Amino acid sequence: MSKQAILSVYAKVLIGLFLVLLVTFSLLSINRYSASYEYQKSLLSKLRLSSQQLHAQLLEVRGGFVVDYDGMVEKVSEINNLLSSFASSNSLNSQLSEEEKSVFGGWLEGQKKIDISSAGLVAAQSSRAQVVEDFKSNFSVFRNSQLIVFQLIADLRQMHADNRVLNDDLDKLEANALKAIHAMIDENDSALDSSLSIIRERHRKSFEDIDEFLGFIIGHFKVINTRESIISDIVRDEVVLSKDFEEQLDVFEYKLDGEYHQHSQRSSMYRYGFGAVALIVLFYGIFQAVRSGRLASQLLVHNENLEEVVAKRTENLKLATDNLQAEQKEREKALIELKESREMLDAIINNLHGCVYEYDIVDDSVSYMSRGSEDIWGVSPREMSTKEDIRKYTNQDDLPSVCSAFERSLDEHAPFNVEYRVMQKSGNELWVREVGVPIVENGAVKSVVGLVSDINEFKKAGEDKKRIQEELHHAQKMESVGQLAAGVAHEINTPAQFISDNLVFLQESAGELIGLVKDIEAEVEKSGGESTRQVIGELLDRADMDYLADEVPQALSQSAGGIERIATIVRAMKDYSHPGESLEFADINGALQSTIIVSKSEWKYFAKLETAFDEDLPMVECVVGDINQVVLNMIVNAAHAIVDKFDDPDNLGGLITVRTKTLEEQVCIEISDNGAGMSESVKNRIFDQFFTTKEVGKGTGQGLSIAYRLIVENHGGKIDVESEPGEGATFRIVLPVSQSQKNKN
Amino acid sequence: MKCLNRCGKRRVFIPLLFFFSLSSQSEPIVPITSPSGLNEREVQLGKRLFHSTELSRDNSISCASCHKVGGGGDDDLPFAVGVDGQVGPINSPTVLNSSLNAFQFWDGRAATLEEQAEGPIHNPLEMGSSWQEVIEKLSGSSAWVDEFREVYQDGITSVNIARAIATYERALVTPNSPFDRYLQGNESAIEDQAKEGYRLFKRMGCVSCHQGQNVGGNMFQQFGIMGDYFRDRGSITEADYGRFNVTGKERDRYTFKVPGLRNVAQTAPYFHDGSAETLPDAIRTMARYQLGRGITADQVRAIEAFLKSLSGQVREDLL
């Protein structure tokens with residue numbers, strides 16, 4: 001539909017609504033007005049009735065037919081209530097008029113404005129109520145006086161029944177009183193007065209209180225005279241006021257009717273007007289309906305044609321959609337496969353022990369970096385996006401070789417393989433091997449795909465291997481040195497032996513010779529001539545005999561001692577380097593002694609060595625050479641520990657103690673020192689292979705691990721250490737006395 | 001002379017026709033009808049308010065202080081005593097049957113009981129307070145607030161306080177007095193003396209003003225019609241001017257609302273100035289100044305007996 005058409009529809013709907021509202025409003029207001037009008041009419045008639053009733057009641061009281069004033073009071077109050085209801089409904093009326101005005105605007109202004117106000121009625125009622133009050137007050141008094149005056153006369157007559165004169169006078173008084181009250185002529189008042197004065201004069205002495213009596217009578221007559229006219233006036237006023245009130249009610253009703261008439265005229269006008277409009281709308285509606293009917297049939301024909309066309313089109317569309325759907329399915333399948341292969345690739349890459357990357361040569365940036373970058377460089381893939389990033393994390397010393405390898409690869413269109421160190425973000429260094437392949441497209445390198453793998457362990461292992469080899473070499477050297485030493489020792493042994501023998505001989509001989517000289521000296525002294533003594537003495541002095549006598553024995557003994565020492569060392573070395581490899585019962589204490597001697601050079605300068613051997617130590621079935629080796633290592637370690645602790649080598653505060661104890665079917669060897677001691681963590685690792693606390697090259701870390709192996713595995717013994725940092729250490733070796741027992745265990 | 005006697009009596013008959021016609025039509029006094037359609041909750045709330053001293057400035061005086069519901073509805077004093085022991089200018093009328101009066105106060109300045117309630121609260125000689133003060137006090141107590149809410153949607157307002165008190169007062173009628181039962185046909189409800197007293201009450205003219213359901217209370221009358229009561233009594237006060245204080249009209253000077261005589265035996269001392277201490281005193285004064293006649297001691301006794309028979313009972317739960 002065109003915009004215009006839509007607008008016109010809306011406009012019509014709005015107009016229709018507006019009209020409907022208008023009709024409803026006016027109908028409603030008419031209804032309300034009618035209701036209000038009816039109500040006011042009923043109030044007016046009630047007011048009229050009550051007013052009439054009040055007037056009737058007043059006359060009834062006046063006429064003596066009604067005795068109490070409750071009825072009149074009620075009526076007055078009733079009229080007041082009706083008037084206040086009337087006032088409020090009246091204001092509603094004028095409110096309705098206002099509403100009408102607001103709807104129809106100034107059109108109502110032209111209408112004659114009717115003044116409707118109940119204020120006049122209220123004022124009239126108020127005056128009337130006042131009159132009623134006056135009536136009640138005055139009438140009571142008047143009525144009483146009328147009665148009482150004759151009662152007084154009658155009472156007096158009774159009281160003085162025997163006084164005939166008084167009675168006659170009273171009769172006359174009564175008659176005159178009656179005339180005065182009921183007759184219209186004023187003359188009778190004078191007759192009354194004369195009767196009163198006669199009684200006063202004639203009967204003054206007859207009874208007391210005559211003045212009081214007469215006073216009362218006169219008073220009552222006064223009341224009767226004055227109040228009678230007052231009451232007449234009041235009643236007349238009341239008549240006038242009640243008439244006036246009712247007239248006002250009539251006027252009010254008349255005005256009300258007039259207004260209502262006007263209003264109903266207006267409302268019929270509205271009704272006719274709206275009826276006419278409604279008819280117009282109705283006709284218009286019919287016209288539209290007919291038109292739309294014609295249009296509808298035209299539409300039907302067109303519709304049929306359209307449907308044919310539509311059906312054909314739909315068929316074509318369906319075919320097309322089917323094809324599309326098939327293609328879609330194919331595509332989806334392909335996508336799924338792609339996704340799966342992608343996932344597989346991702347899985348592989350991310351589980352590689354290394355990082356896969358692709359570096360785009362054209363863009364000069366990283367186009368792909370796998371999660372392995374976390375393992376290699378310790379950063380997320382996102383943080384390795386440029387050449388600079390990669391260089392940043394490469395060890396600067398290795399960088400040149402890496403770069404040249406890379407460049408060469410690009411030039412030669414060949415893969416490259418380079419090992420270098422990486423500086424991880426955390427600061428750790430890591431050995432990696434990078435393997436890269438340039439991707440060539442149309443003769444130019446498009447990108448480089450590479451794998452960076454962590455070879456740190458291998459490198460370390462390589463280094464360890466190198467170290468082990470070095471130590472092995474060193475050990476072999478030591479072994480050959482040992483063997484050399486053994487050979488030398490053996491060679492020394494023989495000459496040392498005969499030197500020792502000769503020295504013994506020399507000592508004996510020297511002793512004898514010196515003794516001889518001494519004897520000769522003594523003999524000469526005793527029995528020699530002077531010249532002989534003198535010559536002998538000179539000869540002795542020239543030879544420095546005293547000196548020789550002291551020194552020669554000493555020198556000889558020292559030499560013997562020295563040779564003895566050489567022999568001991570040689571023996572020990574022989575013992576040491578030619579141990580038996582088989583299990584034999586050996587004297588542990590002796591073995592220890594030898595070892596101690598052999599190791600002397602290691603500890604002599606730094607510490608004292610004390611022994612505390614158990615004399616009753618049994619023979620132990622063992623490979624003595626192994627035991628010697630172990631103990632030697634320990635003593636050497638002890639010496640080194642003491643050196644660590646005691647800076648001053650001359651201090652000799654260091655003490656190494658070697659003990660042996662006999663245990664039940666076992667022996668215990670303890671090597672204690674008061675050196676630097678070791679911490680808990682060192683203690684835990686002390687028997688590990690390659691573990692050493694010494695600087696590189698100074699210690700192989702093998703000694704104690706070998707010791708462990710020899711004692712525990714070869715001998716079934718135990719070996720452990722006690723130590724406190726700074727307090728020294730005690731190594732304890734426990735060996736079973738007999739190996740067959742070990743087998744038992 | 002004999003003829004005159006007879007004539008006299010006959011002539012007397014004519015004015016007496018008025019009188020007899022009075023009595024033959026209906027009695028000038030009618031029995032009290034109990035009020036209907038009173039909201040009991042409102043009555044109870046009104047009762048609590050009536051007995052609540054919070055209505056006075058220093059919380060010492062309640063309505064019941066001067067209108068003791070169990071003691072005839074007044075305070076047995078010539079003049080009322082308000083806050084700080086101040087003595088008022090006029091006698092407290094009874095609250096009993098006050099709903100049957102056409103006007104309230106001696107000078108009739110209040111048309112309804114609701115209007116009347118406002119008077120003592122604001123009168124500095126009586127409760128010396130104000131609506132605002134009273135409302136504040138009552139609003140401070142949750143008990144009052146809750147009770148008002150139950151009865152009135154808008155809670156504690158001056159209109160509602162007055163309404164509640166007035167509703168309670170409307171319930172304070174005293175039906176079924178011996179005389180009412182006599183009027184309703186029970187000949188043995190009152191003694192013969194009282195019956196004689198009623199006859200005299202009518203014949204002597206008392207009933208001209210003291211008539212209706214409340215035996216008075218529905219009209220105004222001058223005090224001292226047949227004699228100058230105020231001149232004879234002396235020490236005239238502003239209170240003595242009566243209705244003149246309201247209308248300003250000279251003819252209303254010394255004019256008062258005629259009080260109702262129901263339960264009059266319990267409301268000594270009598271008159272607006274409390275000058276008559278006993279019923280006989282009052283009866284004699286009335287006879288002298290209102291009726292303008294003498295009255296014998298027997299007549300006084302008989303009327304007294306009649307007046308005593310006008311006392312009915314207050315509803316037990318309203319005391």
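Let's start at A:F221. Setting aside neighbours within four places in sequence, A:F221 touches A:V149, A:A177, A:I181, A:L192 and A:L196. Please keep in mind that this is a predicted model.

So where does that phenylalanine sit in the bigger picture? A:F221 is among the residues with the most contacts inside the largest nonpolar core, together with A:F135, B:F201 and B:L307. That core holds 92 residues, and helix α6 of chain A, running from 210 to 351, is its top contributor with 15 residues. There is also another core lying apart from that one, with 41 residues, including A:I588, A:L609, A:L710 and A:I719.

Now let me zoom out to chain A as a whole. You can see 18 helices and twelve strands there. How many of its 745 residues count as buried? The figure is 36%. For the surface, chain A exposes about 44200 Å², and 56% of that comes from carbon and sulfur atoms. And if you take the contacts in chain A between residues at least 6 apart in sequence, 68% of them join residues at least 24 apart.

One last stop, friends: A:Q53, which you'll find in helix α1, residues 3-62 of chain A. Is A:Q53 buried or exposed? Neither, quite: its relative accessibility is 29%, so A:Q53 counts as partly exposed, because buried would need under 20% and exposed over 50%. Beyond its neighbours within four places in sequence, A:Q53 is in contact with A:K75 and A:E78. And from A:Q53 to A:G71, 18 residues apart along the chain, the C-alpha separation is 9.6 Å.

That's my tour, thanks for listening!

How values were computed. Residues are numbered from 1 along each chain as its sequence is written. Chains are lettered from A and ligands numbered from 1 in the order in which they are written. This is a predicted model: local features need pLDDT of at least 70, side-chain atom pairs count only at pLDDT 80 or more; totals for chains, interfaces and linings use all residues. Side-chain values use heavy atoms; hydrogens and water are left out. A nonpolar core is a set of buried Ala, Val, Leu, Ile, Met, Phe, Trp, Tyr and Cys residues joined through side-chain atoms within 4.5 Å. Buried means under 20% relative accessible area, exposed over 50%, partly exposed in between (1.4 Å probe, protein chains only). Helices (H or I, at least four residues) and strands (E, at least two) are DSSP runs, numbered from the N terminus. Contact means heavy atoms within 4.5 Å. Accessible areas come from the Shrake-Rupley method with a 1.4 Å probe; for residues, only the protein chains shown count as cover.
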